Amino acid sequence: MSLFSPADTLQASYIDKPLSDLWNTISPLYMVDEDVLLKQLIPLAKPSDQELALIEKKTTELVNCVRLDKNAIHLIDALLLEYSLDTKEGILLMCLAEALMRIPDTATVDALIKDKLSAANWQAHLKNSESVFVNASTWGLLLTGKVVSLDGNKQEKSTHVIKRLVNKISEPIIRKVMSKAMKIMGHQFVLGRNINEAKKNGQVFSQKGFLYSYDMLGESALTKRDANKYLQSYLDAIETLGAIANNKDDSSVSIKLSALHPRYEQANKDRILNEMFASVSGLIKRARALNVAITIDAEEADRLELSLILFEKLYRCDVAKGWGKLGLVVQAYSKRALAVLTWLAGLAKEQGDCIALRLVKGAYWDSEIKLSQQNGYLNYPVYTRKESTDVAYLACARFLLSAHMQGLIYPQFASHNAHSISAIVAMASHANYEFQRLHGMGEALYKHVVLMYGSKVRIYAPVGSHKDLLPYLVRRLLENGANSSFVNRLIDAKCPISQLIKHPVDALQSRPTLHNGLICLPTDIFTDRKNACSVNIDIESEALPFQEKIDIQMQKQWLGGSLLNGEKTLINKNKAHDQHQITAPYDRAINVGEVIYASDKDVEKALENAFGFYPTWSNIAVEVRASYLQKLADLLEDNMPELITLCHKEAGKTIHDSIDEVREAVDFCRYYAQQAIDNFSVAKDLVGFDGVTRKIIRQGKGVFVCISPWNFPLAIFLGQVSAALVSGNTVIAKPAESTSLIAYRAIELLLETGIDKEAIQLLVGTGAHIGAQLTSDKRVTGVVFTGSTATAQCINKTLAQREVTPATLIAETGGQNVMIVDSTALPEQVVRDVIRSAFASAGQRCSALRVLFIQTDIAERVIELIQGAMDELQVGLPYLHCTDVGPVIDKNAKKQLLNHIDALIKDNILVKKLSLSIDCDNGDFVPPTAIEIKNLSQLSKENFGPILHIIRYKATQLTAVIDQVNAAGFGLTMGIHSRNELNYLNIEKYSRVGNCYINRDQVGAVVGVQPFGGQGLSGTGPKAGGPRYLLRFTKNVMIKNSQIV
Amino acid sequence: MQSMKQVELANQEWVAWNNVGANKRAECLLDWANILLKDQSLGSMPSKMINYQIQEALPLIAKVQVMPGPTGESNELYCSGRGTFVITSCESVPVVAVAGLIAGALIAGNCILLCLPNSESALAHKLVTTLNSVGIKGHIIQIVDFKHIDYLIENQSTAGVGYAGEEAQALQINKQLASRDGFIAQLIVESDFKQFTTLADCFFVYRFITERTRTINVTAVGGNARLLALGSGDK
C-alpha cells in the first residue's frame, strides 16, 4: 500500500514511472485494508459542488424521463422487477430457466418442472406485471392461457389453477409450454443464435446509432476440444463482422480467456503465455486485418495478474503493435483496479497504442467473497459494500477521464446506473469515451442518455444458440443479483428519486464504517475461533515470499524418532539401532531424513508414562489444557513453510494439499480447544432420572492411543492427539511409519507450547509392532484410529481380548464413495467436481470419489468432458505450482493400484489412462485412470488412489442405484449433482452416508463446518471436527464438596 | 430361521422409523412412560427413566444443527439412528435398566430386537405390548427368544447391543461383537445397578446415533442468497 497513492495518479507524470514500478503497486493491493484504500479513493470520486449539482439535476431528469416513458418497463428489466432475485420465485424461475433446456430426457424435465412449480408462491405474481413478456414467463398465467382455455374455465381462481397444473404436470403439453417459455426468455437474453442473426437483430439499434460488442458466450473450456470450438466461434465472428464493409459499424468482439484454454490459471502460466498467446494473437491478426476491435474480458480476481501479463505480451507483439484496437476490461470492485489502470496507461504511453478500456463494476463478487472465506485469506480482493464499488468506479473514471489519459486509454463505461452515468458526464471534459450496456437491459435508460447527452453507446450482446446461452446468462444473473438492484429501483415508481440521486461518496460516508460490518473478514467467519490462515499462491505479492521460504526448507533433511516424556529416544546415540531412511515418494533418490523406530522397551515406557500421568493431567484445568492447543495452532501457522515442505517431501503432497493440510491441523487445535472450554470447564447440575440433583463434570477417560494415517500426516495426527489431550486423557501417538518425520516435528512444536511433557508420548514404528503391543495392553482406555477397515477390525478384536472394561474405539475407516449425477446437472460443473473429487491428492483421501453414477441421457457428454479434462491434468513433482496430481505413498500402494487397473480394464471400458512424464520415473506414481464398469459389485474393496469408476444408470433405476450403494456397506461421503431439489434431498435422505455434498465436490471437509466421519464399514463415529467428538473421550464424574467422587 | 427373519424385518422397518423424527418418537415414548407408571408392579422408576431419557435426548438429537461456515453454501449436521439394536440383559435385571436402554435406542431412531433371558419373558412381553399400544409396533420392536442371543450378537447386520448386567458377561458380548466381520458394532453396557452410571449420563443417547452432514452449494443453483440479502446494511 505504501507504494501506491491514489491521489498521485491524477498527476500526468505519475505514469512516467518505470513500468515495473507501476506493476509493483498492483499485487500488494490484492488484500489491502479496505478502509485505508477507500479513504484514499474517496477524494478522487468526490464531486466538486458544481459537479454534484449537475449530477443530481441530470440524474433526476434521467429517472423522470425513464419513469414517464411508457416503453421503459419491458423485457429483462421487467422480468427482474417482477421476479426479483431476492424472492424465492425469482430464484426458482431462474433455476428452471438455467436447467430446463439442456435436459435431454422428458421424464427428468417433467420432474424438474414439478419440483420448481411446487416450491413457491407463483400465483402471487400473476398479473402483477403489465409486461407481456413477464406474464408469458409467469408459469401460472402462461399455463392458464393454455390449459384453462382448454377446460373452458377462464374464471377459475389462480390458486386452483396452479394446484391443478402441478397435478397434471406430467402431461406433455405442460412440458412443451415450459420449453416454449424458456425459448421466449432465450430470445430476450440473446441477440442471435449466430453472428449473422445477431447482426440482423441488432439493426434496430444500429440504425439508432448504437454500436455493438459481440460476446460469443459459453462455459469456460474444460478441454482442448472445447477451447478450439470457442476459438473458432470467435474467429467466425471476426470474419463475419469484417466481411461487412470492413466492419463499417465499428463493432467489436469480446473474448473470454477462460473459454480459450482449459487451464487458464496462474499455475499454468507458461502454458498460457505460449498456448493461449498463440490462440489470441491469431485472433488479433485476423481482427486487425478486418478492422474488428477486440476486448479481453475480466474474470476472477486470482486470474487478474496472469491476464495482465498475457495482455502485455499480446499488446507488445508484432501483430498488435501499432493497431490500437486491443482492449481490456477492468473491474472496479477489485482493490487493484486503479493501480491496474495506471500500469495500463504506462504501457500505452511506452508503446504509443491506445488501449480501449471497459470499466465494469464486476460480476464475480459472491464467489470472490466465498473463496476468500474458504481459504482463510487475511482480507478480500474486492470491496464489501456496493457503494464502495460505486466510489471506486468513479475514482477510476476520474483517472480515465483525466486529460493525460487522452490518446492512451479510450474509456468505455459499462453501467446501468443512471447516477454513475450522470457522474461520468459531469466529470468528463471531453467526449472521447463511450457507454456500454447489456443487451436486453437498460434500454429505456440509454435511450434517454443518448437524447440528453448525445453519448456514444455500445451494446454488449451475447451470441449463440439459446440452448447454450440462456443457462449461461441466467447463471450470471443468479450469481450476481446485484445487477438488478439499480434497474429495479429505477423503474420502481415507489422508490423516491432522492434515493437514486444520492452520491455514492455520501452514501458510503454516511455508514458507520467504510467496510461492510455484516461481512466479517475471512479470518473471522467463525464466531468462536480464528479461521486458519492461508497463502494465495496465485498472487505475486503472496507467492514470492512464500516460495523463498519453501526453497530454504527444501534443502533440509530431518531426523526423527520417539519422544517419551519429551525426551528424544536414541537419536544419534546408536546408528545401529532400528534406523530407517525416508525417501520422497516423488523421487526415491531424494533422502528426506531418517527415523529411529521405537523398541519394545520404548513402548512399555510410553505406557508407563502415560498411565502414570493421567491422574495429574485429567485434573489440570481445561482452560490450561486448551491453551496449549491454541499455542500449537499459532506455532503451526508460524512454521507453515517447514510443515508444507515436509508434506511435499515425506507425503508427496501438492502445494494446495499441503497448505490445506496445515490449515486443517490448525483448525482442529483451535476448534477442540474451544469445544473443551465450552463444554468441560464448568461443573453442571444434573437432575437425574431419580430426581436427585448431582454436580457433574466431564473428565478424560485415561490413556488414549492415537493411530493416524499417512494421507493426512499432520491434520488427522494432530486432530486425534489434540482431541484426546484437551479432553483430559494422556496420549500415546503412533503416526504412520511413512510419515513419521512430520509427526515428530508436530510433537516438538506441541512440546514448545509448554505442555506437560508426560501428557504426550510419541512412538514411531510399524503398526504391526507398536500398534499390537499398545492395543493389547490393559492400561489403554481408548483408541482413536484412522485407516483401513481391516485394521480397525483387527484393533477391535485385540482390544476385546483384554479382560478389562471394553475400551472406547473411535475408528474412521474407508469408503466406496460415489457421486450420483442426474440429467438436470450442468456437465461442466459436474466434471470439474469429479476431477477434483477423484484425482486431487492422487485420490488418497478417505472422502475421494471412487464411483461416478451418471444418468445415461447425459453420460456421453460427461464422459467426453472427463476424458478431455483428464488430458489437462499435470501429474508430477508435487512442489511445483503446475502439478495437479502427485505420487501415491509407496511402492506397495502403486503396485496394488496398477494391478487393479490392469485387472479391470480387461473386461471393462477404459475411459482414460494418462501417460506419465519422465518426471515420474523415480517416484511412485499411478496414472490417473477412469474406467467404465457395469455395476458396483465389481469392486470388492476401496482402491485408494487416482482411479475413477463410472457406471451409467437410467433415470428409472435411481432407487436401485441407492440400494446398491447402501448394500456395499460403506458410508463415508457421497456427491450429488442435480438441479431438482426434491430429487437430491431424497437421494441424500435414503443414502446411508456420513457426509453428503450437493452440487459441489465431495472432498475437503472443514473442521466445525462439515464434521467428518462415516457409518457402517466407514467408521464408528462420532464425527471428527464436530461438536460431539470430544464427548466420546470423556466420562461423567460426580463432584461433591469440590471433590471428584 | 425365525430370528434371521426378525433381523431382516427390523432392518426393513428401520428406514421408516428413523424417518419418523425424534419429536414424534418422543411423543410415543412419553405415552409409554405414562402407561408404565400406571403399572404398580413396576414402580415409578422405569417411567422416570424413560422420561429422563427423552428429556435429555431431545435437545441433543431432534434438531438439525446449522453449522457456521463460508458464505454460499449451507451446512447441516443431524442425527440418525444406526439400525437395529439387540437389547439384552442378565437375569433379574432391574426393569429401569432395560427401559432406559429401550428408550435410548428408540428415541434415537433404531429398531429393537428385545432378547431377554427366559426368566424375564413376562417383562419383555409387558414392555413390548405397552410399546405397541402407543404406536411403536410392527417390527420396530420385536421379542426374540433368548436361545438366539448369540445369533443376534454375531449377526453382521445388527447395529449393536445394549446390555444390562454383569461386567463379565459384557466382556463376553464384546468379544463376540469384535469377532464379527463387517462394520464395528456398538456395545452399550449398564452394569451399575445402583447409580446407573451409563444410563444417567446426559449424553447417553449419543451411543445410539450416527451423525450425518448435508452440504448444499447454494451458489450453484440459487445465487448467493445470504450475501444478496445482506446488501450494504449494518449491524
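**Figure 1. The largest nonpolar core of this predicted model has 397 residues.** The residues with the most contacts inside this core are A:Leu344, A:Leu359, A:Cys396, A:Leu714 and A:Val731. Helix α29 of chain A, which covers residues 655-680, gives the most to the core, with 12 residues. A:Val731 can serve as an example of such a core residue, and once its neighbours within four places in sequence are left aside, A:Val731 is in contact with A:Ala610, A:Phe704, A:Cys706, A:Val721, A:Ala724, A:Leu725, A:Ala759, A:Ile760 and A:Gln761. For chain A as a whole, buried residues make up 58% of its 1045 residues. Of the contacts in chain A between residues at least 6 apart in sequence, 77% join residues at least 24 apart.

**Figure 2. A closed barrel in chain A is formed by eight strands with parallel pairing.** Chain A has 38 helices and 29 strands, and the barrel follows the order β1-β2-β3-β4-β5-β6-β7-β8. From one strand to the next, the twist averages 30°. One of the pairs can be followed in detail, since strand β5 (residues 355-360) and strand β6 (residues 409-414) of chain A run parallel and are joined by five bridges. Across from A:Arg358, the residue that stands opposite in β6(A) is A:Gln412.

**Figure 3. Helix α13 and helix α14 of chain A come within 9 Å of each other, taken between their axes.** Helix α13 spans residues 224-243 and helix α14 spans residues 269-290, and their axes cross at roughly 10°. Because angles under 35 degrees count as roughly parallel, α13(A) is described as roughly parallel to α14(A). On the side of α13(A), the contact is made by A:Leu231, A:Tyr234, A:Leu235, A:Ile238, A:Glu239, A:Leu241 and A:Gly242, while α14(A) contributes A:Ser279, A:Leu283, A:Arg286, A:Ala287 and A:Leu290. Sorted by class, the residues of this contact are eight nonpolar, two polar and two charged. Helix α14(A) also lies across three strands of chain A, namely β2 (252-255), β3 (293-296) and β4 (326-331), and runs at about 150° to β3(A).

**Figure 4. A:Asn291 and A:Asn565 each have a positive phi, as set out here for A:Asn291 and for A:Asn565.** Phi of A:Asn291 is near 65°, a positive value in a residue other than glycine, and A:Asn291 lies in the loop between α14 and β3 of chain A. A:Asn291 counts as partly exposed, because 17 C-beta neighbours lie inside 10 Å. A:Asn565, which is not a glycine either, has a phi of about 50°, and its place is in the loop between β10 (563-564) and β11 (567-568) of chain A. With 19 C-beta neighbours inside 10 Å, A:Asn565 likewise counts as partly exposed.

**Figure 5. The peptide bond from A:Gly1021 to A:Pro1022 is cis.** The omega angle of this bond is near -5°. A:Pro1022 is found in the loop between β27 and β28 (1034-1040) of chain A.

**Figure 6. Chain A and chain B meet in a contact that takes 68 residues from chain A and 49 residues from chain B.** On the side of chain A that touches chain B, the elements that give two or more residues are α5 (88-100), α17 (365-375), α18 (386-401), α21 (466-479), α33 (789-800), β20 (808-812) and β27 (995-998). The largest share of this side, six residues, comes from α17(A). The residues of this side of chain A divide into 26 nonpolar, 26 polar and 16 charged.

**Figure 7. Strand β27 of chain A and strand β8 of chain B are joined by four bridges.** Strand β8(B) covers residues 209-217, and the two strands run parallel. The bridge partner of A:Tyr997 in β8(B) is B:Thr215.

**Figure 8. B:Tyr206 lies in the loop between α8 (197-200) and β8 of chain B.** B:Tyr206 is buried, because 21 other C-beta atoms lie within 10 Å. When its neighbours within four places in sequence are left aside, B:Tyr206 is in contact with A:Arg1028 and A:Leu1031 of chain A and with B:Leu60 of chain B. The C-alpha atoms of B:Tyr206 and B:Gly83 are separated by 14 Å, and these two residues are 123 residues apart along the chain.

How values were computed. Residues are numbered from 1 along each chain as its sequence is written. Chains are lettered from A and ligands numbered from 1 in the order in which they are written. This is a predicted model: local features need pLDDT of at least 70, side-chain atom pairs count only at pLDDT 80 or more; totals for chains, interfaces and linings use all residues. Two residues are in contact if their C-beta atoms, placed from the backbone, lie within 7 Å. Ala, Val, Leu, Ile, Met, Phe, Trp, Tyr, Cys and Pro count as nonpolar, Asp, Glu, Lys and Arg as charged, and the others, Gly among them, as polar. Two strands pair if DSSP finds at least two bridges between them. A nonpolar core is a set of buried Ala, Val, Leu, Ile, Met, Phe, Trp, Tyr and Cys residues joined through C-beta atoms within 7 Å. A residue is buried if 20 or more other C-beta atoms lie within 10 Å of its own, exposed if 12 or fewer, and partly exposed in between; C-beta atoms are placed from the backbone. Axes are lines fitted to C-alpha atoms, for helices over the stretch in contact, and angles run from 0 to 180 degrees between N-to-C directions. Angles under 35 degrees count as roughly parallel, over 145 as roughly antiparallel, 65 to 115 as roughly perpendicular and the rest as oblique.
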